[in-house]
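The following paragraphs lead the reader through one structure, from its charged pairs to its helices and its interior. Please keep the model in view while reading.

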Amino acid sequence: MYDKELELYEEDECLTIEEHIETFFGGFHYVCHEMCDDGIHVDVYVIEPDEQRDFYTLVTVGMGAHEMNVPADPIFRNKARAELMLCLPSDWELETGDWAVQMLMELAHFPVDENAWLEAGHSIELDGPVDEAAAFTGAILTSTYVQERKADSCMLPTGDTVQFYQVIPLFHEEIRAYAGMDLVDFTEQCLSYIGFIVDPKRENTCITVEREYSEIQKLVFGNLEHCMDDAEWHYSKIEEKELPLNEATGYQHLAIYLRWCMEHQLMSAAFMQAYGDIADYVREQGSRPDNRLLLECDLRHFLREEFEGVLHPAMFNKEGQEFAAWYYGEDAEEPYFPADIDRYACAYFGEERYHSDVFQDEAYLFVPWEEQYYQNMAKLMNKRFRQWKAKA
């Protein structure tokens, strides 16, 4: 728990926030007060529907009294304070919909409780469904529904800025699926059918997709001619040259690439929808590298069983696809991931052994499957990613 005395707005700061709410979101009719103070005191201002807005708007006041633990980079200087808002349909009733108030209060306390920070694009998963009537288990934050840019920030008399973020409640499966998207993709592809006005009775946009027939598999197996790599190509060399290796060897460098992309959140929404639990586990384990990790995060079997050894652009989000096109694509030039793998093999075995008859020009297949192999390649891939970013 973040241990700090109760943080409250000064009176003139509170008046400035209220004026901002009335200007951009409408005049508030009543306030839901938090019963217990813990670090901060959060009120939820309720703005009823009118001729301009056929929906309720709920806005927190109090979260921004606390300065969040934002990164030290100057670009985050004006993002240390924030308030949240949420929109509900015009037939909403407080008695049956107070889950929305409680959700806003819980999210507002998150930066205090976790000594963390929130901004547009961040998703938060709660401990469980917010209510029996609304099975949402978390939310993603976006810019506000108000098109006017000034609506998203309010300057306090002290000169500090308070950001306003829209809360879009999500189901558990949706949080996993959309974690692989950047905010622009989420806004364009998902918010258009979820909407900024919360419908507690809406369908889970992910629940109808079964794992074995997921969108990602359809994309991969429907476009094999455009795949990035196929373990079968490499295993065929083992058979043709009668190399003393097993089938799993042909999956090694594909699994390395896939694990690195999972750790760097480059997987597509469809992939996260179907395999978010695996990607989350890989990221969690990757934060504590040790000699046993490669066995715990061994994706060779996963690639074989779920994708028949195929790496395909559809497995990655927009950034992942663009990086793959530069580094692993069919038309990619140097630097090129397979070439980096080959160079690693040469450095590992030395020039003489690398060119020996034992390896028959396939030394990369003989590199031992060990955690250090992944860690060394991951460092190089980090460098390649920075090179690509610099060119983009």
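A salt bridge is here a side-chain nitrogen of Lys or Arg within 4 Å of a carboxyl oxygen of Asp or Glu. Asp50 and Arg53 form such a pair, since their closest N and O atoms are 3.6 Å apart, within the limit of 4 Å. Asp50 is partly exposed, because its relative accessibility is 36%, whereas Arg53 is buried, with a relative accessible area of 14%. The model is a predicted one, and by this rule it holds 16 salt bridges.

The overall make-up of the chain comes next. The chain contains 15 helices and ten strands. It has 392 residues, and 51% of them count as buried. Its accessible surface is about 19600 Å², with 47% belonging to carbon and sulfur atoms. Of the contacts between residues at least 6 apart in sequence, 66% join residues that are at least 24 apart.

One salt bridge illustrates how distant parts of the chain are linked. The side chains of Lys237 and Glu362 meet with an N to O distance of 3.8 Å. Lys237 belongs to helix H7, while Glu362 lies in the loop between helix H14 (351–354) and H15, and the two are 125 residues apart. Lys237 counts as partly exposed at 29% relative accessibility, but Glu362 is buried, with a relative accessible area of 6%. Another pair joins the side chains of Glu305 and Arg304, at 3.4 Å from N to O. Here Glu305 is partly exposed, with a relative accessible area of 48%, and Arg304 is partly exposed with 30%. Beyond these pairs, salt bridges link Glu334, Asp340, Arg343 and Arg384 in a network.

Arg384 also leads to helix H15, where it is among the buried residues. H15 covers residues 371–391, and its 21 residues should span 30 Å at 1.5 Å a residue; the C-alpha atoms at its ends are 30 Å apart, which agrees. The buried residues of H15 are Glu371, Tyr373, Tyr374, Met377, Ala378, Met381, Arg384, Phe385 and Trp388. They lie on the same side of the helix, because they cover an arc of only 130° around its axis. The face turned away from this buried side carries the exposed residues Lys379, Arg386 and Ala390. A general rule helps in reading such a pattern: an α-helix has 3.6 residues a turn, so residues three or four places apart point the same way.

How are the buried residues of H11 placed when the helix is seen down its axis? In this helix, residues 300–307, the buried residues are Arg300, Phe302, Leu303 and Phe307. They fall within an arc of 165°, so they line one face of H11. Glu308 follows H11 and has a positive phi, near 50°.

The interior can now be considered. In soluble globular proteins, nonpolar side chains tend to be buried together. The largest nonpolar core of this model has 55 residues, and Tyr257, Leu258 and Leu311 have the most contacts inside it. Two or more residues come from each of helix H7 (231–240), helix H8 (252–263), helix H9 (269–286), H11, helix H12 (318–327), helix H13 (337–349) and H15. H8 gives the largest share, eight residues. Apart from neighbours within four places in sequence, Tyr257 is in contact with Met228, Leu311, Phe316, Phe323, Ala324, Tyr327, Tyr328, Phe337 and Met381. A second, separate core has 38 residues, including Val46, Leu58, Leu118 and Ala134.

Three further residues complete the tour. His109 lies in helix H2 (residues 94–114) and counts as buried at 8% relative accessibility. Not counting residues up to four places away in sequence, His109 touches Glu34, Asp38, Ile40 and Val42. The other two residues concern the backbone. Most residues other than glycine have a negative phi. Gln265, which is not a glycine, nevertheless has a positive phi of about 55°. Gln265 lies in the loop between H8 and H9 and is partly exposed at 45% relative accessibility. Asp361, also not a glycine, has a positive phi of about 65°. Its place is in the loop between H14 and H15, and Asp361 counts as exposed, at 64% relative accessibility.

How values were computed
Residues are numbered from 1 along each chain as its sequence is written. This is a predicted model: local features need pLDDT of at least 70, side-chain atom pairs count only at pLDDT 80 or more; totals for chains, interfaces and linings use all residues. Side-chain values use heavy atoms; hydrogens and water are left out. Helices (H or I, at least four residues) and strands (E, at least two) are DSSP runs, numbered from the N terminus. Buried means under 20% relative accessible area, exposed over 50%, partly exposed in between (1.4 Å probe, protein chains only). Contact means heavy atoms within 4.5 Å. Accessible areas come from the Shrake-Rupley method with a 1.4 Å probe; for residues, only the protein chains shown count as cover. The expected span of a helix is 1.5 Å times one less than its number of residues. The arc is that of the directions from the helix axis to the C-beta atoms. A nonpolar core is a set of buried Ala, Val, Leu, Ile, Met, Phe, Trp, Tyr and Cys residues joined through side-chain atoms within 4.5 Å.
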